[in-house]
Amino acid sequence: MHSVVQRQSNSVGATGNVMTSGPESAVDSTTELPVHGAGMSTGENTKYAAKTLIIGGIAGCTAKTVVAPLDRVKILFQTHNARFVKYAGTHFGLFRAGAAIYGEYGVRGLFQGHSMQLARIFPYAAIKFMSYEQLKMRLDRHFSDKHLRNFLAGSLCGVISVGASYPLDMIRVRMAYITPASGVPAERVRTVARMIYREPAYRFGLFNFFRGFPLSLMGIVPYGGVSFLSHEYITALARTRFAHIAAMPAAEQAAKQGRRRKQRELRAWAELVSGGVSGVFAQTASYPFELVRRRMQIAGAHDPSRKASAMKVIREVWSTSGVRGFFVGLTIGYVKVVPMFAVSFYTYEKLKMLFDLE
């Protein structure tokens, strides 16, 4: 009889969480593990926040480096750069545009503006992941629906992280958009920042760094909310319904004594697929906002005194291309966002496992 109880206590619950033996560590198979933070002291939560801040930044930088060349081409397509718009919408246009950049500028051309990207993405991703974990913990006290909780936490963390990093994104987009003549070195960060600040479109130069910011906030709500909601949902399915193929063996995880992390670990391919699919959903929901914002951000590059309102850009896109105009570059967006989300969430989850964080 004792051996039967022992085997049952080492089984995996319906939620996909490992149930180790003994009355103190057993997890009810019919309930979801509590959101992290339950029972944490203020000091413990501060350490948790600091760790998720750092590993979130690392995950974001890793993912952005993987897709940097795709991001450069996407910005050139979105903003209708005169030299590369001919490749947009054509067969293999993404690769032809990339080859043209490489042929004229070399590898550095594909990574133009990437140093600014890393300077922007580390605080953005760090704040995004850290604030998501903290918001999820706090919202769990007020919302019984975990899907609504995840969507709200994802949306709010997106708003916070975008607000903290938007001026850096503005500089990065301008650097990616500028295509100097062959043999001419790319503009330096300081030079581009000074150019933006001196544009006469706004009375106060700092406002130039926030072109398209309100629209960015509108777009980040579905982007952040849908990405975290879908990722949490897909990984939950992988740990439960598809645990037999997507999760690591329960016995292997149960053997790790003294670890706080109780949720079932996923195989690498399952973690990557979960992140990639969530990226597709998030990109589709927010792409029109992103396209209009990019057009507003590069408006000063054409006419420094021009104020490009969101409605004016929307009318221009609609009059020239109709509904399809709001989704120009979406295919390359998918090509970029799938590996980016996959690598970002995979790196984040693996670093959490390394540091034994729930």
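Analyst: Let's start with a yardstick: a residue is buried under 20% relative accessible area, exposed over 50%, and partly exposed in between (1.4 Å probe, protein chains only). Please keep in mind that this is a predicted model, where local features need pLDDT of at least 70 and side-chain atom pairs count only at pLDDT 80 or more, while totals for chains, interfaces and linings use all residues. Residues are numbered from 1 along each chain as its sequence is written, and side-chain values use heavy atoms, with hydrogens and water left out.

User: Thanks! Why does Asp356 count as buried?

Analyst: Its relative accessibility is 11%; that is under 20%, so Asp356 is buried. Asp356 sits in the segment after helix 15. Helices here are DSSP runs of H or I with at least four residues, strands are runs of E with at least two, and numbering goes from the N terminus.

User: What makes the phi of Asp356 worth a look?

Analyst: Phi there is near 60 degrees, a positive value in a residue other than glycine. Most residues other than glycine have a negative phi.

User: How many helices and strands does the protein have?

Analyst: There are 15 helices and 0 strands. Of the 358 residues, 49% count as buried.

User: How do you know what share of the contacts joins residues at least 24 apart?

Analyst: A contact means heavy atoms within 4.5 Å. Among contacts between residues at least 6 apart in sequence, 74% join residues at least 24 apart.

User: Why is Gln297 said to count as buried?

Analyst: Its relative accessibility is 0%, which is under 20%, so the label "buried" applies. Gln297 lies in helix 12. Leaving aside neighbours within four places in sequence, Gln297 touches Tyr166, Asp169, Met170, Val173, Arg174 and Arg211. Gly212 is 85 residues away from Gln297 in sequence, yet their C-alpha atoms are 6.2 Å apart.

User: What makes the link between Asp169 and Arg120 a salt bridge?

Analyst: The term asks for a side-chain nitrogen of Lys or Arg within 4 Å of a carboxyl oxygen of Asp or Glu. For Asp169 and Arg120 the N to O distance is 3.3 Å, so the pair qualifies. Asp169 lies in helix 7 and Arg120 in helix 6 (residues 114–139), so this salt bridge ties together parts that are 49 residues apart in sequence. Asp169 is buried at 4% relative accessibility, and Arg120 is buried at 7%.

User: Which residues are in contact with Ser165, leaving aside its neighbours within four places in sequence?

Analyst: They are Arg120 and Tyr124. Ser165 itself is in helix 7 (residues 146–177) and is buried, with 2% relative accessibility.

User: How do you know that Lys136 forms a salt bridge with Glu232?

Analyst: Their closest N and O atoms are 3.0 Å apart, so the distance is within 4 Å. The pair links distant parts of the chain, with Lys136 in helix 6 and Glu232 in helix 9, 96 residues apart. The two partners carry opposite labels in one respect: Lys136 is buried at 11%, whereas Glu232 is partly exposed at 22%. Salt bridges that share partners also join Arg120, Asp169 and Arg293 into one network.

User: What about Lys336 and Asp71: how close are their N and O atoms?

Analyst: The closest N and O atoms of this salt bridge are 2.8 Å apart. Lys336 is in helix 15 (residues 330–354) and Asp71 in helix 3 (residues 68–78), so the pair ties together parts 265 residues apart in sequence. Both Lys336 and Asp71 are buried. The whole structure has 8 salt bridges.

User: How do you know the span of helix 9 is close to the one expected?

Analyst: The expected span is 1.5 Å times one less than the number of residues. Helix 9 has 27 residues and reaches 38 Å from its first C-alpha to its last, close to the expected 39 Å. There is also a kink of about 30 degrees at Ile220, shortly before the proline Pro222; the bend is the angle between axes fitted to the seven residues ending there and the seven starting there.

User: Finally, why is Phe242 called partly exposed?

Analyst: Its relative accessible area is 37%, so Phe242 falls between the buried and exposed limits. Phe242 is in the loop between helix 9 (213–239) and helix 10 (243–246). Phe242 joins Ile245, Trp269, Val273, Val277 and Phe281 in a nonpolar surface patch with about 540 Å² of accessible area together. Helix 12 (residues 268–297) gives the most to this patch, with 4 residues. Patches take residues with over 30% relative accessible area and no salt bridge, joining like charges within 9 Å and nonpolar side chains (Val, Leu, Ile, Met, Phe, Trp, Tyr) within 5 Å. Areas come from the Shrake-Rupley method with a 1.4 Å probe, and for residues only the protein chains shown count as cover.
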